[in-house]
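Notebook open, coffee poured. I want to go through this one piece by piece and write down what I look up.

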Amino acid sequence: MATSQLTIAILTPGQMGSSFARLFLSHPPALRPRVVTNLHSRSSRTKDLARESGIEDLGSDERVLNEADIVLSVLVPDKALELAQSLAKAASSSSVKLKYFVELNAISPTTLEKISSTLTSSIPTLAVIDGGIIGGPANPTTQTAPLIVLSGPATPLSSLDKILAPLFLNRTKVVGDKLGQASALKLTYASLSKGATALVVNAAVLAEKYGVADSLKEELARTNPHMRKVMEKNLPRDVAKAFRWVGEMDEIGQTYRQAGLEGGGRMFEGAAKTYEFVAANDEVGKESVEQNIRKGWGEKETVEALLRGLDGV
């Protein structure tokens, strides 16, 4: 008897989610899943990315629940709970095939608990798995993928990992048997990487404002080459992602506070405000990643644009 094809729903297929689809669909037929989504009310950019990646649009959450085996939730962190609520509502008017919901967004363990409760109260048979993405988008051409960290109850997680590991080029890692552990790892990692970028944004704009940008770059190149690289390479590209990092910084700050680390909470409240400042900039903060790459601005042009926004020029 032929084995039915695995169906994976990616909600939603932005830059990261669409890269997963391209990777999955590049596998040999025996491994290749059917990749679906729901593009109702999504942006034209998301629709274009889905079409270019070969993702099938089911058009509703009800069909996702009825046809998908696995949902990968990959979207702006502050929309993660809203997505779970939408699926839970759809379950009341749909038959449910869905077995696994994998929460891959950069959210706090507390938010994850709310998502799990929301979904399992409506779909008691559903296995909610905690996850996180460490690294950039997948690339089927170079056969690279980010690390997918997972945690949750051992029985469903073991079965799920066997399914996902080959799809992600064996770049999955089980980090614990409790919900919240994968999220905690993702957030602590992001607090160092994206937190560093937030620091660099502030330092670069301040140095530019006082006319000492070149001196700062020279000293960083001599004594702190890693931060110099973040300023030169990361800052010009990361400004296009600032809008989605605001919510992530809020989730990180919330997690530090709940752990009793008030200083960390306040630090990432400041990081969230930094990314709000960047995202509001008319020259660099409102572009898509694709537009940012095509424009090709470097650190000097980017920092000067941020300073103009600060000064209201």
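Before anything else, a note to self: helices (H or I, at least four residues) and strands (E, at least two) here are DSSP runs, numbered from the N terminus. I also keep in mind that this is a predicted model.

**Entry: Gly-312**

I looked up where Gly-312 sits, and it is in the segment after helix H13, which spans 299-311. Is Gly-312 buried or exposed? Its relative accessible area is 65%, and exposed means over 50%, so Gly-312 counts as exposed. I also pulled a C-alpha separation: Gly-312 and Thr-110 are 38 Å apart, with their positions 202 residues apart along the chain.

**Entry: backbone oddities**

I went through the torsions next. The peptide bond running from Leu-11 to Thr-12 is cis, and its omega is near 5 degrees. Thr-12 belongs to the loop between strand E1 (7-11) and helix H1 (15-25).

Then I looked for positive phi outside glycine. Leu-169 has one, at about 60 degrees, and Asn-170 has a phi near 60 degrees as well. Leu-169 is in the loop that links helix H6 (154-167) to strand E8 (172-176), and Asn-170 is likewise placed in the loop between H6 and E8. For accessibility I noted 23% for Leu-169, so I file it as partly exposed. Asn-170 comes out at 60%, so that one goes down as exposed.

**Entry: the sheet**

What is the strand order in the open sheet? I read it as E3-E2-E1-E4-E5-E6-E7-E8, 8 strands with mixed pairing. At the edges I found strand E3 (56-57) and E8, each of which pairs on one side only.

I zoomed in on one pair. E1 runs parallel to strand E4 (residues 70-73), with 4 bridges between them. Within it, Ile-10 stands opposite Leu-72 in E4.

**Entry: H1 against H2**

How do H1 and helix H2 (residues 44-53) pack? Their axes are 9 Å apart and make an angle of about 10 degrees. Angles under 35 degrees count as roughly parallel, so I put H1 and H2 down as roughly parallel to each other.

I listed who meets whom. From H1 there are Gln-15, Ser-18, Ala-21, Arg-22 and Leu-25, and from H2 there are Arg-45, Leu-49 and Ser-53. Sorted by class, this contact has 3 nonpolar, 3 polar and 2 charged residues.

**Entry: nonpolar cores**

A reminder for this part: in soluble globular proteins, nonpolar side chains tend to be buried together.

Which residues touch the most other members of the largest nonpolar core? I got Val-200, Leu-235, Met-249, Ile-252, Tyr-275, Val-278 and Leu-306, out of 31 residues in that core. At least two residues of this core come from each of helix H7 (181-209), helix H9 (225-238), helix H10 (242-258), helix H11 (262-279) and H13. H7 gives the most, with 8 residues.

I picked Val-278 for a closer look. Leaving out residues up to four places away in sequence, Val-278 touches Val-201, Val-239, Ala-242, Gly-285 and Leu-306.

I then found a second, separate core of 29 residues, and its members include Ala-21, Ala-50, Ile-55 and Leu-104. Ala-21 had already turned up in my notes, as one of the H1 residues that meet H2.

Conventions
Residues numbered from 1 in each chain as written. Predicted model: local features only at pLDDT ≥ 70, side-chain atom pairs only at ≥ 80, totals over all residues. Heavy atoms only, no water. Buried < 20%, exposed > 50% of the residue type's maximum accessible area, 1.4 Å probe, protein only. Axes fitted to C-alpha atoms, helices over the stretch in contact; angles between N-to-C directions. Parallel < 35°, antiparallel > 145°, perpendicular 65-115°, else oblique. Contact = heavy atoms within 4.5 Å. Nonpolar A, V, L, I, M, F, W, Y, C, P; charged D, E, K, R; others polar. Core = buried A, V, L, I, M, F, W, Y, C linked by side-chain atoms within 4.5 Å. Pairing = 2+ DSSP bridges.
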